[in-house]
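Grab a pencil and have a look at the model below. Then work through the exercises one step at a time.

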Amino acid sequence: MTDGTGQAATPRPASDLKLRQIMEGVVDQGRILVADLHKVLKNAQVHARDNEAFLRPLAGLSKTLNAIRALQERVVLRLVDEYLFIGEHRLRVDISGYLSFKSVVEVLKRWRLGTLTFNAPPTEAQLIALVDLLLSWNPDDEDPYITFVAGLRRAGLDTITVGELQEAGGGGMEAGARDARLLARRTFFKAVAVIKEVVQSVEGEQVINLRKVKRVVQAIVDDIMRDELFLLGLTTLKNYDEYTTNHSANVCVLSVSMGSRMGYSKNDLEALGMAAFFHDIGKTKWPKELLYKEGKPTPEEWRMMQMHPCTGVTALLKLKGLSDAVLRSALAVFEHHIYWDRSGGYPAVIRPRDPGLFARVIAIADCFDALTSARVYRKSPFRPDQALKMMLEKSGTAFDPLLMKLFINIIGVYPIGTLVLLGTGEVALVLAPNPNPESLHLPRVKILFDVRGNPVEPETIDLAASNGAGPGERQIIRSLDPEAYGVKIAEHFHQVTAA
Amino acid sequence: MPGAPHQWDSPEDPIREARDVVLQLARTVNTRRIHLPNNPIYQKFLGELCAKVGGYLAKQGTLVFGIHRFEFQYEGEAIYNDSNQSDSLPFRLYKDGVSALAFYPGVTEEELRDFVETIHRGYEVSSAEDDVVTLLWERHFQHISYEVIDNPLEGQTVPEPPAVETPATRVASIAPAAAQDLKPEEPLSLESYVLTEAEVEKLREEMATEATWDMGFQLIDLIFEVLAVQEEMEDYPLALDIMERVIRVFVRRGSFGQAARTLRALRDLEGDSARLPERHRVLLAEAVERIGEAERIRDLGPVLNKGLEGETTDLEAYLRMLPRRAVEPLLDLLGEVNVRKVRRVLCEALVDLIGGDIQPLVKRLDDSRWFVVRNLVYIVRRTGNRSANPYLRRTLEHPHPRVRQETLRAMDAIGMARSAEFLLGLLESNDDICRTWALERLAALGDTRAAEPLWKLIRTREFRERSWNDKRAYFEALGKCAPPEMLPVVQALYEKRGWFEKPKDLEMRAGAAIVLGLIGGEQVVGLLEQGCQAEEPVMREACRQALDGIRRRQPSAKPEEVPAHTQADEEETA
């Protein structure tokens, strides 16, 4: 409804609009629920049941459950492929909620609970009984799910029901996901079109249509807040001929994803998205010969290239309304090549400065996309994991080490779009990172070739759920060069996102 | 005339209620466009809108309007039409792509107020920068939602993505079996990507810190970097123009600390401009000069008349950095600003800006506003410029006593008080302030030439009638400049007693005692010791003080100096 991308020419019925509103409320409350549950479980391990330090968060949990029940008949907390859902709505994880998400996911996984449903408002005593049951897990229990069901019965918790954890990919969210994919695809290509317009405006010394930029950035923010994976997948679509436009869209998507994970508000994400969108606007002033030069730039050309943050700033400052978002964009445009530890980068500054968070986020997104894209001077791009390793070498100097970690959390150790060799000899493509940071080396992949190199009917598997780490297991051994295997990475994501 | 395309039959009809809401919404938005948010008419309409929306939601649940060009629709029926393109509410929403609008139960008055404000802003914003949709998006309403379609007036612009082959049509060109021979790679360590709680906290703190950034300062720093870095930048004038705009905004806001910092940076850049190309140096100098233009200085007036909260140091710092051309408009401003504290700051800054050149000041000394003249004289005084002498003689004739007082201070400052001729001339003045001042200065000078005229003045009939304090000042002055030859005549006055001595006569004798004390000598001590036995307290006190004075001066016979002017005088100025 509020995505700004435009889905329908006629108004949706009231029920549809209402549904959207409810969904947003449920998602907000769902995140609070997870945090409350985490707090209650944590406090229950150190405080007596009649202690205020335990009872206070318990009351908070009860209140949140009631708030969700005001929007939905039942409260269903669902675990699917390491993601938490409230009903059908996936809960977004940001760094502030990361620990509580991780701990609740862990608790549900131990008991092999796929769903935890509150069919009626629980009493305080019932909530205490549930907490005690959740904390009674025994690592030697061979069938924890059955034990849990029996525990519910024994405690008289008949208004709480559970479902067993399904294997990866069994979440049954396909219909909603298809809509989100289509929205993401539409948003992405709209972003590319708007960037082209912006570039033309700057080249023609015309006023940039900021309104269009804002609208498309807002759509990117909405899509990423809904589910970042679809747009992240589209960033593998590298366009050799129109590198600058695709690159700006990719950097925008990667930056907003990072910002979203950092917990920025919608309006801050809009500002970050705009900054990323405009980060290379200064390059539009470059002569075409320089933009497409194959060889090494001359010192004079190099000097000119290093001025693009400055020319970018002046291009932005020509905009009529100097809003805070535009100013933050200008700041990030200026600083995005300055090293995090001030030890290098450009442009040269008169007063040493620490680049702001926006600039540091954009620096990482910019470098990653540049390294993984084919360029005039480097026909074969680096593989995503190679690029990541190269960037990690500069973590703490060029890049903010905390943001580097966060970035890896989003795209994975084997980033989305990496072609990998499994211990079984199969060749697979990384589709999504594991949401659990400690299992980032075990992403969700699509098997493309069997052990003999024959293309296979694509099968999506979750490596975290598949099997152990011994030889001959479905574990990643190393990444591969997709060109050597004739694999066009982007096509897979295009297909994935358009499915 | 906007209105309903249908007649409505039943008062309970939900369509009628929806129409009432939409009419009220349009009325409220239109009123807001004319009036300020605190206007009672607008407040009344807003209240009615809340009541109508609340009433509908309570009875019917969620309220959804379709929007089509000039119409609001309700369940497919047009309920409001306004085809005036510039004012039409449905058209304003439609042209930005809003195709439906929904209000949900729970919507608050505050949300509705914000919503009306947002729509109102939508009418104001430039279409190239913002539109209603982006403004609504940024508000993030909880109980109001909207549907958007793409550019209804511009047509579809989103290109279809390029067609690509599907992976199923491709075959691996190299058998990957050989991949099994490849060496396993060392995976990244957990430490390289797992964020600790402390790291998360650190990041959160940084985000909180950045949220408090003053983007004005950030912009300034940024522009200076750009100006300093990019020597050949074709946009140099643009960057300078932004700086000027920023300073102007700060000044109009009364943020003088920020304005001063910005101007300081610009001045620093100017000071360090030797390495810049000639053209840029010229542009930079012109930009600084423009900040002192009369129009810019006039911006200060309304802000300064509101008064300043707290310290005035920021304002003073800003004013002191203005270019020389700001002097004339700042002098104009002296007469317009009615806050005394601020005028003082203006004066101090002007002292710096004029740099000793009093010409811009003296030509304004005939100003009809006494306080302006007084401030100008103050500035003259602070310059210490001796050439101000003839002008100050003029202002000493000013009808307002505070101007004359200020003039006397200025005269002190530029050394006119050291001219005995001038001071003696002032003793003829009808103005008590001038005479007293001249006496004090004469006394301080200790010039014996002043003794004779002073004695003459003291012996007049009018002098006898003056207050004791006034008399005392004259006697003290006389004592400080009287030569020893005057002792007999003063002694005669001291000893002159009648059978029916009046208090005024007694004061004259007490004054003579003061003079004797200041002249000093063995003979005098004896006289004064006798005086200490007098019955009259005034006499006793005068003699005792005179004797004390003599004893204090025993090691050196020089009379005490009277300070030229005191700290209290300084504080009183301006």
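Before we start: two strands pair if DSSP finds at least two bridges between them. Strands (E, at least two residues) are DSSP runs, numbered from the N terminus. This is a predicted model, where local features need pLDDT of at least 70. Residues are numbered from 1 along each chain as its sequence is written.

**Exercise 1.** Find the bridge partner of A:Leu419 in strand 7 of chain A.

*Solution.* Step one: go to strand 6 (residues 419-422) of chain A and strand 7 (residues 427-432) of chain A, which are joined by three bridges. They run antiparallel. Step two: look across from A:Leu419, and in strand 7 of chain A you land on A:Leu429.

**Exercise 2.** Work out the strand order of the open sheet of five strands in chain A, and name its edge strands.

*Solution.* Step one: follow the antiparallel pairing and you get 9-8-7-6-10. Step two: pick out strand 9 (455-462) and strand 10 (476-480) of chain A, the edge strands, since each pairs on one side only. Step three: check the twist, which averages 35 degrees from one strand to the next (axes are lines fitted to C-alpha atoms, and angles run from 0 to 180 degrees between N-to-C directions).

**Exercise 3.** Why is strand 1 (residues 75-80) of chain A largely enclosed, and which residues stand opposite A:Val76 and A:Val80?

*Solution.* Step one: five of the six residues of strand 1 are buried (under 20% relative accessible area, 1.4 Å probe, protein chains only), so the rest of the structure largely encloses this strand. Step two: four bridges join strand 1 to strand 4 (residues 113-118) of chain A, running antiparallel, and A:Val76 stands opposite A:Thr117 there. Step three: strand 1 also pairs with strand 2 (residues 83-86) of chain A in the antiparallel sense over four bridges, where A:Val80 stands opposite A:Tyr83.

Terms used
Chains lettered and ligands numbered in written order. Predicted model: local features only at pLDDT ≥ 70, side-chain atom pairs only at ≥ 80, totals over all residues. Heavy atoms only, no water. Buried < 20%, exposed > 50% of the residue type's maximum accessible area, 1.4 Å probe, protein only.
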